[in-house]
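Colleague: I would like to go through the terms used for this complex and hear what stands behind each of them.

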Amino acid sequence: MTDWEPKITTFLCNWCSYGAADLAGVSRLQYPPDFRVIRVPCSGRVSPKFILAAFRHGSDGVWVSG
Amino acid sequence: MDKCIACGLCAEKCPKKVDDLYNENLIKRKAAYVEYAQAVPLKYAIDKDNCIYFKKGKCRACEKFCPTDAINLEEKEEELSIHAGAIILAPGFTAFDPSEYLTYKYAKHPNVVTSFEFERILSATGPFQGHLVRPSDHKEPKKIAWLQCIGSRDINQCDTGYCSSVCCMYAIKEAVVAKEHAGSDLDCAIFFMDMRTHGKDFDRYYDDAKEKNGVRFIRSRVPTIESVEGSDELIIPYVNENGDISEESFDMVVLSVGLKTSPELIALAEKLGIDLTEGKLCQTASFHPVSTSKEGIYVCGAFAGPKDIPQSVIEASSAAAKAGACLSVSRNTMTREKKVPEEKNVTGDRPRIGVFVCQCGINIGGVVDVPGVRDYAESLPFVEYVTDNLFSCSTDTQDIMAQVIKENNLNRIVVAACTPKTHEPLFQETLISVGLNKYLFEMTNIRNQDSWVHKDEPDMATQKAKDLVRMAVAKVALVEPLVEPELDVDERALVIGGGISGMASAKSLSDQGYNVDIVERSAQLGGMALNLFRTWKGEDIQKNLSELIESIETDSNIKIHLDTELSSVEGFVGNFKTTLNSNGKQEVVEHGIAVIATGANESRPDEYLYGEDSRVVTHLELDQMFMNNDPSLKDIKTAVFIQCVGSREPDRPYCSKVCCTHSIESALYLKELNPNMNIYVLYRDIRTYGEREYIYRKARLAGIMFIRFSVDEKPKVSKDNDVLKIELWDPILEETVVIKADLLALASAIVSYKDEKLAQFFKVPLNEDGFFVEKHAKLGPSEFATDGVFLCGMAHYPKPIDESIAQALAASSRAVTLLAKKTIHVGGTVAEVNPLFCSSCGVCVSICPYSAPSFIEEGPFTGRAEVNPVLCKGCGLCVASCRSGALNLKGFGEGQLMAMINQI
Amino acid sequence: MPDEVMGSVLVVGGGIAGMQSALDLADSGYYVYLLEKGPSIGGSMAKLDKTFPTNDCAM
C-alpha cells in the first residue's frame, strides 16, 4: 500500500447517475474521495474529446455513467 | 417545517424505536423519522403515537439536538376549513390483511409474507438492502411460492368477490426480479386460478417469465400452508390440473394480497354521501368513469376499483379534466403569479464571481473545513466575494445573498452546498429576484457527494471540496446569460377519430373552453361503439352513445369533419398546421395540440368455420343480433362461445382485454332470453378483472358451463350433416367433449389499424402490434414523447368503454395543461448550430430522439442543419456526435466543460 | 359561501393518482389543496420496488 491516490474524472448524467450519487450520500454510503464529478445533461453529451482531455490533464481514470 | 434541513440528527438522537410502516414493519425506525430517503417533502416528522414526550411528557431529545430549532413539540392540531370548487378523491387502497386467514399461517410463520412485504424485501432501500433473504434466519431462499387471490375472488372467507386486477402481474414481476437478485437457481412457483395479464405488453411479460426466466406457473388454488415442526420449511398441498393431490415444500411463501377499501374510507364516503358498490368501491358509470354519485366530487385510482398505476394516472387526469370543466369560468382566478424585475445585461462584462460555501449545519461543516474552502475560493480568478453560511437555503440567507449580489455588483454566482437537483431552482430564484439571468449560476455538491460519503477522511473531503469549487468557478466564468424563448400556443385542438374516445375527448376540451376540430374517416360519428349492445354493468350503449353524439353535434365549440382524413401535418407543439382531405376537398386547420383517437378494429377470424357457416358469428355480429332483436335467438338450444380467437397466439401475442367480459355478458343475455338454453364458454383464462368478476360468478351460478382449453389443444369445429359440432379435450373430466351448437360466437381479437401514415405525420411511434406507443408506460399513458400530441382509446391498446372514456378525458386534461399556458417557455439549455461549420452530414437529424434538428430549406444555408429549440430537450447527443464541431449545447458548451476538466 | 364558482380544487390523497390530478389542475390554472394524511407524498407506489411490465424502478 502506498499513499498514492488516483484521480478519476466522472461524468454523471443529471437524470440518473447524478441522482444516484446523491442518494448514496443520503444513505451515507462511504467510498474513496478520488472522484471529481462533472454533471452533464445526458451521457450522450460526453464527447470522446472530453475523455481524452481528462487523460491529458492527468486523470488516471474516466468514468462516464448514464 | 421550513426550518428542517433534513440533517437527520433528531432521528439519530431519538431514543424510541418503533415499527417501520414504510418497510411493512419488517424493521424498526425511530419516533422522529422521515418515511424514506427520497421522501417529499424531505422533512422529518415526530410520530405522535409513539413519541416518548407525547406519551410520558418528557424526553425532548430531538428538540435539544436540532441545529435549526425546527422542532415544535407544542404544536397543536388545528382545524382548517377550505373553500374549493370541486373535490377529487384519490385516497387509494389498503392491502388485505391475511392474518384473518388462519390456514395460511401468515401471523404465525415469519417466512409467510405478503406481496407488499416482499416488495420491500426486494428493494435496495428495504430492510435487507435489497439482499433477498427470508425473515426467519436471513438465509437466501432456494424456493419461493406465490399464492394468488388472497383476499380476492373469495366470498367464503373474506367477502371480497372482486378480482384485484393487479396481483397476477405483480406476482410475476416479483418472481422475475427475485430471480434477477438470486440468480437462476432460485425456484419460483406461482399458484393461480386464472392468469390475468390483460394489459398492454402484459402477456409478453408472462410468456417471457415462463419461457425465458423459468418461473413455474401452477394452476391451483392452494387451501392451506403447513409448517414442519423444528424447521423453517413450509409445505404447500395442492390439487394439480389433472385432479391429483400433490405437495411441495418451499423456503418462503408470498401471499398475493388483494386491494381493499379501508373502513375509514367507507366512513368518509358515507359522510360525503357518495354511493359505493357491493365491493365497497366508489360507484361510477361506464360513460362517466370518474364521476361519483355526488355532483362536483370526482374519483380516481384504486378507490374506483382496483387498478394498476397507468390506469390510476389516466383516471387522475380525467378527474382533473372533469373538475376543470365545471370550474373553467374561474380559471386563473386563484392562482398567483410572481413579479420579476427586469434582467440586467451583463454580456461583455468582466466576470465578478461570488462564491457561497454552505456548512449545512454540521452536515458539511462537521467534515469539510468550510472556512478553508471559503478562503481558498478567494484566491481563484474573477472571484470578488466569498462567504460561508450556516444554512445557505434558509430564507434569511437568501435575502442576504440578494443584498450581497447587488452591493458587490456580482454577475456570476457559485454555491457550494447540497445537490442542485433539489436546490438549484431556489438559488436561481434569488438570482432572478435581483435581475440576474438564472443561467449565470453554478452549484457544486459538497454534501451528498462529498461530506456525507467521506466522513472519515476530512482532509481529503476538504481537498475535494476545493477542487469542486475551483471547477465550478472555472465554468461559471464562461457561462453566458441564456434566453428562454416564448412561443404562442394556438388554443385550438384537433381530435383525430370520431368514436367514443375521440368524442369524449373533444367534448371535454370544449367543456374546458377550447375550440375543437374533430375528424372522422367514416360518414358518421360513433366508431366501434355503434356495434355494441350493452356494458357489463347493463347500461344501454346505443342510448348513451346517441346522447354523446348529440352533445357533440350541438356544441358550438366543436366543428365536425366527416368522411375526412389527414393528408399532411406541419409544425410542432403550439403551432400545428394540418391539411384535411374530404373526398378530394382540401382544408387547412391550425391547432396547438392534437389528440389521436383512431381506435382499433375487430379481426376477421380465419378458423372455426367462420365465414363458412352462418351460425358462426363474431362478438360484434352477435351484438348486432341482440340489437335487432333477432327472432332466431330464442330458438337456440345450445350456444357456444370460443375465447381468444386470434389473441394470445404466437402471431398476436397480446390479450384483447374486453372479450371475456363481453362473452359472459352476452351469455347472460342469452340466458335472459331463454333460461333453458345450454351455454358453454370455452376459454383459456377468464379475465374478468375488478368487479367484472361478479358477472363471471353470476354466469357460473346461472348454469353456464366453462371449459378450459390450452393453445396447443384448441377446440375443433366441424360440420356434419348440417350439425355444427365442437370438440375439445376437457382437462377436468379427462375426456373429449362434443357439443352440438346452434350458435357459435367467436371472441375475435381486436386489431390495430397500424396507421403508419399518421404515426409519421406526428412523429410518434407504433409498437410491433401496430398500437401507438405512449410517452411512458406508467406515468405518461395518454400522451406521446412528442410534445403537444396526445393519445386515447383503442389506438393505445384494446380496452372497454369506461377505460376509453377515462383516457379520452385524460388526454384532454394533459392537452389543457399546454393550452391554458397560452405561451410555452422553452428551456435555455438547448443545442444550436453554427451553419458556417455544418457539413450537412445529417447525423444530428438522424440521432435526435426528439426530432429537433432538421435541414434548412431555404436561404443561404439551405441544406445545413438547424435545431428547433422548442423540440430540443438539451441532452447534447447531437453536439457530441457532430463531426464538424458545428453544434453547441448552451449551458454545457465545450469550452465550459473543458474548463472544468482542465481544473480537475 | 361565495356565489361565484371557486377556481380551486381539493384533492384528497397524495398518492400517484392524487399527485397527477393536482399537477394537471395546477398546470391548467386552478389552485389546488392537496391533502395527505402521512408526512410525505407518494402513496403506495413509493413502497414498490420495480414496476411491471418494464421493470423500471418505482421510485
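The exchange below takes the terms in turn, for a model that is predicted.

Colleague: How many residues does each chain bring to the contact between chain C and chain B?

Modeller: Chain C brings 41 residues and chain B brings 72 residues. Each of them counts because it has a heavy atom within 4.5 Å of the other chain.

Colleague: What is the area buried between chain C and chain B, and what share do carbon and sulfur atoms give?

Modeller: The buried area is about 4,800 Å², and carbon and sulfur atoms give 64% of it. That figure is summed over both chains, because buried area is defined as what two parts lose on being put together, summed over both. On the side of chain C, the three residues that supply more than any other three are C:Y30, C:K47 and C:F52, with 16% of the area that chain C buries against chain B.

Colleague: Why is the pair C:D24 and B:R814 called a salt bridge?

Modeller: The closest N and O atoms of C:D24 and B:R814 are 2.4 Å apart. The cut-off is 4 Å between a side-chain nitrogen of Lys or Arg and a carboxyl oxygen of Asp or Glu, so the pair qualifies. The rule finds 2 salt bridges across this interface, along with 25 residue pairs in polar contact.

Colleague: Which element gives the most to the side of chain C that touches chain B?

Modeller: That is α1(C), with 8 residues. The residues of that side divide into 21 nonpolar, 14 polar and 6 charged.

Colleague: What makes β1(C) and strand β5 of chain B a pair?

Modeller: They share 4 bridges, in the parallel sense. Two strands pair if there are at least two bridges, so these two strands pair. Within the pairing, B:I88 stands opposite C:V11.

Colleague: Why is strand β17 of chain B, residues 353-358, called mostly covered?

Modeller: In β17(B), 6 of its 6 residues are buried. Buried means under 20% relative accessible area, so each of the 6 falls under that cut-off. B:I353, B:V355 and B:V357 point one way, B:G354, B:F356 and B:C358 the other way, and all are buried.

Colleague: How do you know that β17(B) pairs with β18(B) and with β19(B)?

Modeller: It is joined to β18(B) by 6 bridges and to β19(B) by 5 bridges. At least two are required, so both count as pairs. Both run parallel to β17(B). B:V357 stands opposite B:D388 in β18(B), and B:F356 stands opposite B:V415 in β19(B).

Key: Residues are numbered from 1 along each chain as its sequence is written. Chains are lettered from A and ligands numbered from 1 in the order in which they are written. This is a predicted model: local features need pLDDT of at least 70, side-chain atom pairs count only at pLDDT 80 or more; totals for chains, interfaces and linings use all residues. Side-chain values use heavy atoms; hydrogens and water are left out. Buried area is the accessible area (1.4 Å probe) that two parts lose on being put together, summed over both. A polar contact is a pair of N or O atoms within 3.5 Å; within protein, one must be able to donate a hydrogen and the other to accept it, and residues adjacent in sequence count only if both atoms are side-chain atoms. Ala, Val, Leu, Ile, Met, Phe, Trp, Tyr, Cys and Pro count as nonpolar, Asp, Glu, Lys and Arg as charged, and the others, Gly among them, as polar. Buried means under 20% relative accessible area, exposed over 50%, partly exposed in between (1.4 Å probe, protein chains only).
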